[in-house]
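Please open the structure in the viewer and keep the sequence at hand. The tour moves from the whole chain to single residues.

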Amino acid sequence: MATGEIVQRDAEDVELGYGEALMADGRISVATEQKPKPPTLPFRSSELAQLDEALTLSSRETGLDFSVYLGELDGDDTRKAAEELHAQTPRPTHAVLIAVSPGQRAVEIVTGEESHRRLPDRGCKLAVMSMVASFKEGNLAGGLVSGLRMLTDQAGPAPRR
């Protein structure tokens, strides 16, 4: 029986099934269970592999700790929320956090003391502009990978000790 279908039966010989109810006018109302669709992930497995590789190479080449956060940034001040996430990284002075909140239409790059010395604001702004252009085209993973590459190039190789 399809959802919303009206069935007429004689009230005397009605045996109701699960989710059925006999109405006063003789019709039977049938409730159907709606199963929610599983949540969709923002990335395909190939995109996750590209993003993982870009994060690994960026960190390896520069000696800085790159990370990406994708999701809601608590509160109205997205910058402050991103800074709080950055502070939770293992080495905040060497960390670079790219925080993207599609629902809030916000992209924040937060750097620590050492990473800021090697990634000036101008370079970060250029990376954000590049990422946003890709995001507008619906390419979230590609935008993040491109932004990571730009930041890696800007930071340069890890200093030799």
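The stops below begin with the overall fold and then visit selected residues in turn.

**The whole protein**

Display the entire chain as a cartoon, bearing in mind that this is a predicted model. The protein contains five helices and six strands. Followed along the sequence, these elements come in the order β-β-β-α-β-α-β-β-α-α-α. The protein is more spread out than a compact globule, because its radius of gyration is 26 Å, well over the 15 Å that the globule rule gives for 161 residues. Turn the model along its principal axes: the C-alpha atoms occupy a box of roughly 90 × 30 × 30 Å.

Next, switch on the surface. Its accessible area is about 10,900 Å², and carbon and sulfur atoms account for 50% of that. Of the 161 residues, 34% are buried. When contacts between residues at least 6 apart in sequence are considered, 55% of them link residues at least 24 apart. Colouring by charge adds another view: the protein carries 18 positive and 25 negative charges, and the mean positions of the two groups lie 13 Å apart.

**Stop one: Glu108**

Select residues 106-111, which form strand β6, and pick out Glu108 within this strand. Is Glu108 buried or exposed? Its relative accessibility is 14%, so Glu108 counts as buried, the cut-off for that class being under 20%.

Show the side chains around this residue. Which side chains make polar contacts with that of Glu108? One is the side chain of Thr78, at 2.9 Å. Another is the side chain of Arg79, joined to Glu108 by a polar contact of 3.4 Å. Beyond neighbours within four places in sequence, Glu108 also has contacts that include Leu73, Ala82, Leu97, Ile98 and Ala99.

**Stop two: Arg105**

Step back along the sequence to Arg105, in the loop between β5 (95-101) and β6. The backbone deserves a look here: phi of Arg105 is near 55 degrees, a positive value in a residue that is not glycine. Arg105 is exposed, with 77% relative accessible area.

**Stop three: Arg117**

Now select helix α3, residues 113-118, and locate Arg117 in this helix. With 56% relative accessibility, Arg117 counts as exposed. Which side chain is joined to that of Arg117 by a polar contact of 2.7 Å? Display Glu114 to see the partner: the side chains of Arg117 and Glu114 form this contact. Then add His94 to the selection. Arg117 and His94 are 23 residues apart along the chain, and their C-alpha atoms are separated by 9.8 Å.

**Stop four: Ser134 and Gly138**

Move on to helix α4, residues 121-136, where Ser134 is found. Ser134 has a relative accessibility of 19% and therefore counts as buried. Apart from residues up to four places away in sequence, Ser134 touches Asn139 and Gly143.

Continue to Gly138, in the loop between α4 and α5 (140-155). Is Gly138 buried or exposed? Gly138 counts as exposed, at 66% relative accessibility. To place this loop within the whole, draw a line from Gly138 to Leu16. These two residues are 122 residues apart along the chain, with 49 Å between their C-alpha atoms.

**Stop five: Met23**

Finally, select Met23, in the loop between β2 (20-22) and β3 (27-30). Met23 has a relative accessible area of 32% and is partly exposed. How far apart in space are Met23 and Gln154? Select both: the distance is 71 Å from C-alpha to C-alpha, across a sequence separation of 131 residues. For a last view, zoom out to the full chain, whose C-alpha atoms fill a box of roughly 90 × 30 × 30 Å.

Notes. Residues are numbered from 1 along each chain as its sequence is written. This is a predicted model: local features need pLDDT of at least 70, side-chain atom pairs count only at pLDDT 80 or more; totals for chains, interfaces and linings use all residues. Side-chain values use heavy atoms; hydrogens and water are left out. Helices (H or I, at least four residues) and strands (E, at least two) are DSSP runs, numbered from the N terminus. The radius of gyration is taken over C-alpha atoms; the globule rule is 2.2 Å times the number of residues to the power 0.38. Buried means under 20% relative accessible area, exposed over 50%, partly exposed in between (1.4 Å probe, protein chains only). Contact means heavy atoms within 4.5 Å. Accessible areas come from the Shrake-Rupley method with a 1.4 Å probe; for residues, only the protein chains shown count as cover. Lys and Arg count as positive and Asp and Glu as negative; His and the chain ends are not counted. The place of a charge is taken as NZ of Lys, CZ of Arg, CG of Asp or CD of Glu. A polar contact is a pair of N or O atoms within 3.5 Å; within protein, one must be able to donate a hydrogen and the other to accept it, and residues adjacent in sequence count only if both atoms are side-chain atoms.
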